[in-house]
Amino acid sequence: MAISKRSPKIKRDKVESEETPSKKQVKADRKAKLSKTGKIILVAIGVAAMVLSVTAMACTGVLNEVTTKEPYQLTGGVAATVNGVNIKEDTVTEQIMGTRQSSYEKDEDWATYLSDQGLTPESYRENVINSIARQYLLTEAEKEYKVTVDQKDLDKAWKDAVEGSGKSDKEFEEYISQMGFTKDSYLEAIKGSLAQSKLREAVAPSKDPSDEELVSYFNENLDRYNDARRSSHILFKVEEDASDEEKAKVEAEAKKVLDQINAGEISFADAAKKYSEDTSADNGGDVSWDKLTTFVTEYQDALSALSKGQVSGLVKTTYGYHIIQCTDQFKVDTVKSVKDVPEDMLESVKSTIKTQEQSAAYSKWLTEYTEKADIKINKMPSEVPYNVDMNKAKKAEDAEK
């Protein structure tokens, strides 16, 4: 993988989780690294799948879930109602047992997990019910605000996904097929997330911040952006399992190109286009500002030592050998005008402010919309399989042993 903005080493906005506790960990035998494309696909599909399942359930008037493979006793009955629509007790049980059966089969382990989360079986159940209720209410809101997803939306989503992956249409289809999706099933899976995005825009329209707001934001957060450096790089990839001989060969090639750049025999941008194995090659190696991304430590350290126009020596990272050029530097005592800020940085901050303000407005709307709903939660049956004596929870000092 490369160090460019498409690299998995680049930091992305944290997605807020639902109230429902997630699984504590991913299975150890799963691949540790996943490309940005894969992460985007899995997140989109994960969110969409939940919405789609709730939408289908709402059509029947009863919220239900597919049963899991592991046997356990279901109780039947109704856990709660949302505006008169039933949430089955078995629905809640299956969701909770999906977490318990992943890592907490023993009562003491399950009790310890709940205790560490500040939960009890009753409060965990309530969180799950509220999460299901909220998803159901969102599907109702989509109807109320006449939110629809048409073929044009799906075509755009597909085009954006393909372009974002850096692959061709055919390559992207092959990629998602590794996760069990065809083009049609992928688009069907993301319909829900597209609908929620439209709903968000309908109830909390985004708007550009004013120049005054941008200047104020920069000055309040100047430490986050000041002394930023824009850079381009040339990557000579070294595979993880490469032999010493293969590594030496790549290093020698990189050194040869570096000597050509320093001698003025080739421009940095041309060298990047010709030799770099990173996705940034077509852009002359440009990977934007370091304050907008997160580079691996070795890259960041080397870039921090460069001034505008300077070129580094060979920089070795887990990806291979890099030649880095600092192409610009942003350093001010104070921001007096938006003209003082580089365009790329300005656009990034503008997007950040828009997202923050829209998220706040949407959260406020969702809270008020949910509070208006008639949600009635029934008492938890004592015989549900996730019920446990919380006295079995291990104390912190015992759990560490």
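In the predicted model, helices α5 (residues 151-165) and α6 (residues 169-177) cross at roughly 90°, with axes that come within 10 Å. The two helices are therefore roughly perpendicular to each other. On the α5 side the contact involves Trp 158, Ala 161, Val 162 and Ser 165, and on the α6 side Asp 169, Phe 172, Glu 173 and Ile 176. Five of the residues in the contact of α5 with α6 are nonpolar, one is polar and two are charged.

A crossing of roughly 90° is also found for helix α7 (residues 183-203) and helix α13 (residues 343-372), whose axes come within 9 Å. This angle makes α7 roughly perpendicular to α13. Helix α7 contributes Leu 199, Arg 200, Glu 201 and Val 203 to the contact, while α13 contributes Gln 358, Ser 359, Tyr 362 and Trp 365. The contact of α7 with α13 comprises four nonpolar, two polar and two charged residues.

For helix α2 (residues 89-103) and helix α4 (residues 121-144), the axes come within 10 Å and the crossing angle is roughly 115°. Because angles of 65 to 115 degrees count as roughly perpendicular, α2 is described as roughly perpendicular to α4. The crossing of α2 and α4 is right-handed. Residues Glu 89, Thr 91, Val 92, Gln 95, Ile 96 and Thr 99 of α2 meet Tyr 124, Arg 125, Val 128, Ile 129 and Ile 132 of α4. By class, six residues in the contact of α2 with α4 are nonpolar, three are polar and two are charged.

Four strands form an open sheet in the order β5-β4-β7-β6, with antiparallel pairing. The edges are occupied by β5 (286-289) and β6, each of which has a single partner strand, so one side of each is left without a neighbour in the sheet. On average, and with direction ignored, neighbouring strands of this sheet are turned by 30° against each other. Helix α10 (residues 244-262) packs on the sheet and touches β4 (228-237), β6 and β7, and the direction of α10 makes about 35° with that of β7. Helix α13 likewise packs on the sheet, where it touches β4, β5 and β7, and its direction makes about 65° with that of β5. Thus α13 contacts both the sheet and helix α7.

Within the sheet, strand β6 (residues 311-317) and strand β7 (residues 320-330) run antiparallel and are joined by five bridges. The connection from β6 to β7 is a hairpin through two residues. Lys 316 stands opposite Tyr 321 of β7, and Val 315 has His 322 in β7 as its bridge partner.

Salt bridges in the model number 18. One of them pairs Glu 108 with Lys 394, with the closest N and O atoms 3.9 Å apart. Since Glu 108 belongs to helix α3 (residues 107-116) and Lys 394 to the loop between β8 (375-377) and α14 (396-399), the pair ties together parts that are 286 residues apart in sequence.

Terms used: Residues numbered from 1 in each chain as written. Predicted model: local features only at pLDDT ≥ 70, side-chain atom pairs only at ≥ 80, totals over all residues. Heavy atoms only, no water. Axes fitted to C-alpha atoms, helices over the stretch in contact; angles between N-to-C directions. Parallel < 35°, antiparallel > 145°, perpendicular 65-115°, else oblique. Left-handed = near helix turned anticlockwise from the far one by under 90°. Contact = heavy atoms within 4.5 Å. Nonpolar A, V, L, I, M, F, W, Y, C, P; charged D, E, K, R; others polar. Pairing = 2+ DSSP bridges. Salt bridge = Lys/Arg side-chain N within 4 Å of Asp/Glu carboxyl O.
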